[in-house]
Amino acid sequence: MDETEFWELIDDSREAAEDDPEEQADLLIERLMRLDPDAVIDFARHFEARYNRAYTWDLWAAAAILLDGASDDAFDYFRCWLIGQGREVFEGALHDPDRLADLLPDFDEEEDGDAEDLGYAADEAYERLTGIVMPDLGLAPAPREPLGTVIDFEDDAALEERFPALWERFRGESYG
């Protein structure tokens with residue numbers, strides 16, 4: 001499975017689920033089960049590599065703005081959700097997390113930003129297909145700490161300065 005096929009599976013499942021993360025995970029499992037086990041492993045490698053790439057302080061801070069705070073677990077689920085939004089949103093957010101203000105026109109912090117189940121879709125599909133747990137993916141270990149410069153999520157002024165568009169849209173006086 002190449003990168004294009006990976007993103008097609010993500011996009012197709014998101015569109016069919018009408019942006020419902022739980023439904024997207026279920027549909028993704030169904031679609032992955034139509035593939036051979038090696039293709040499911042390839043999908044898992046693509047997903048895990050992107051999940052690890054998204055482990056940055058800037059994205060964590062953006063998640064904290066979008067979700068009005070983000071614990072370790074919340075950020076893990078946010079990264080799964082971000083991958084589930086597709087290539088354009090994912091790559092745009094990695095390049096400049098402040099762009100999420102424009103890339104997420106319908107974001108609702110009560111419903112969006114959490115897709116824990118997407119992170120397990122490939123494992124679930126593989127186990128259903130083979131009856132065994134997915135083998136090690138052979139990827140480099142995940143970073144121990146987020147990449148980039150540490151940002152204090154409690155410092156509103158620093159967050160507003162670093163992410164002006166996100167701050168204005170999601171935490172400005174007119175928000176919510």
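Phenylalanine 107 counts as buried, at 11% relative accessibility. The model is a predicted one, and this ring makes a handy way into its aromatic side chains. Its partner is tryptophan 81, which is likewise counted as buried, with a relative accessibility of 2%. A pair of aromatic rings is described by how far apart the centres are and by the angle of the planes. Here the centres of tryptophan 81 and phenylalanine 107 sit 5.5 Å apart with the planes at 80°, so this is an edge-to-face pair. Tryptophan 81 belongs to helix α5 (residues 72-84), whereas phenylalanine 107 is in the loop between α7 (100-103) and α8 (121-130), so the pair ties together parts that are 26 residues apart in sequence.

That pair is part of a wider network. Ring pairs join Trp81 and Phe107 into a cluster with Tyr55, Trp57, Trp60, Phe75, Phe78, Phe153 and Phe170. With ring centres required to lie within 6.5 Å, the count for the model comes to 14 aromatic pairs. Take phenylalanine 6 and tryptophan 7: their ring centres are 4.9 Å apart and the planes stand at 75°, so they too form an edge-to-face pair. Phenylalanine 6 is buried, its relative accessible area being 0%, and tryptophan 7 is buried as well, at 2%.

Helix α5 also comes up in the helix packing. Two packed helices are described by the angle between their axes and by the distance between the axes. The axes of α4 (residues 57-67) and α5 come within 10 Å and cross at roughly 95°. Angles of 65 to 115 degrees count as roughly perpendicular, and α4 and α5 are therefore roughly perpendicular to each other. On the α4 side the contact is made by Leu59, Trp60, Ala63, Leu66 and Leu67, and on the α5 side by Asp72, Phe75, Phe78 and Leu82. Trp60, Phe75 and Phe78 turn up again among the members of the ring cluster.

Next comes isoleucine 151, in the loop between α8 and α9 (156-162). At 14% relative accessibility, this isoleucine counts as buried. Isoleucine 151 and tryptophan 60 are 91 residues apart in sequence, yet their C-alpha atoms are 8.8 Å apart in space. Setting aside residues up to four places away in sequence, isoleucine 151 touches Trp57, Asp58, Ala61, Leu159, Arg162 and Phe163.

A polar side chain gets similar treatment in helix α3, where asparagine 52 has its place. Asparagine 52 counts as buried, with 12% relative accessibility. Once neighbours within four places in sequence are left out, its contacts are Arg79, Ala140, Ala142 and Pro143. Arginine 79 has a ring to deal with too: this residue lies over the face of tyrosine 51, 3.8 Å from the ring centre.

Finally, there is helix α8. Its buried residues are Ala121, Ala122, Ala125 and Tyr126. Looking down the axis of α8, these buried residues fall within an arc of 125°, so they line one face of the helix. The cover over them includes α2 (21-32) and α3 (37-53). After α8 comes glycine 131, with a positive phi near 80°.

Conventions. Residues numbered from 1 in each chain as written. Predicted model: local features only at pLDDT ≥ 70, side-chain atom pairs only at ≥ 80, totals over all residues. Heavy atoms only, no water. Phe/Tyr/Trp six-rings, centres within 6.5 Å; stacked < 30°, edge-to-face > 60°. Buried < 20%, exposed > 50% of the residue type's maximum accessible area, 1.4 Å probe, protein only. Helix = DSSP H or I, 4+ residues; strand = E, 2+ residues; numbered from the N terminus. Lys NZ or Arg CZ within 6 Å of the ring centre and 35° of its normal. Arc of directions from axis to C-beta. Contact = heavy atoms within 4.5 Å. Axes fitted to C-alpha atoms, helices over the stretch in contact; angles between N-to-C directions. Parallel < 35°, antiparallel > 145°, perpendicular 65-115°, else oblique.
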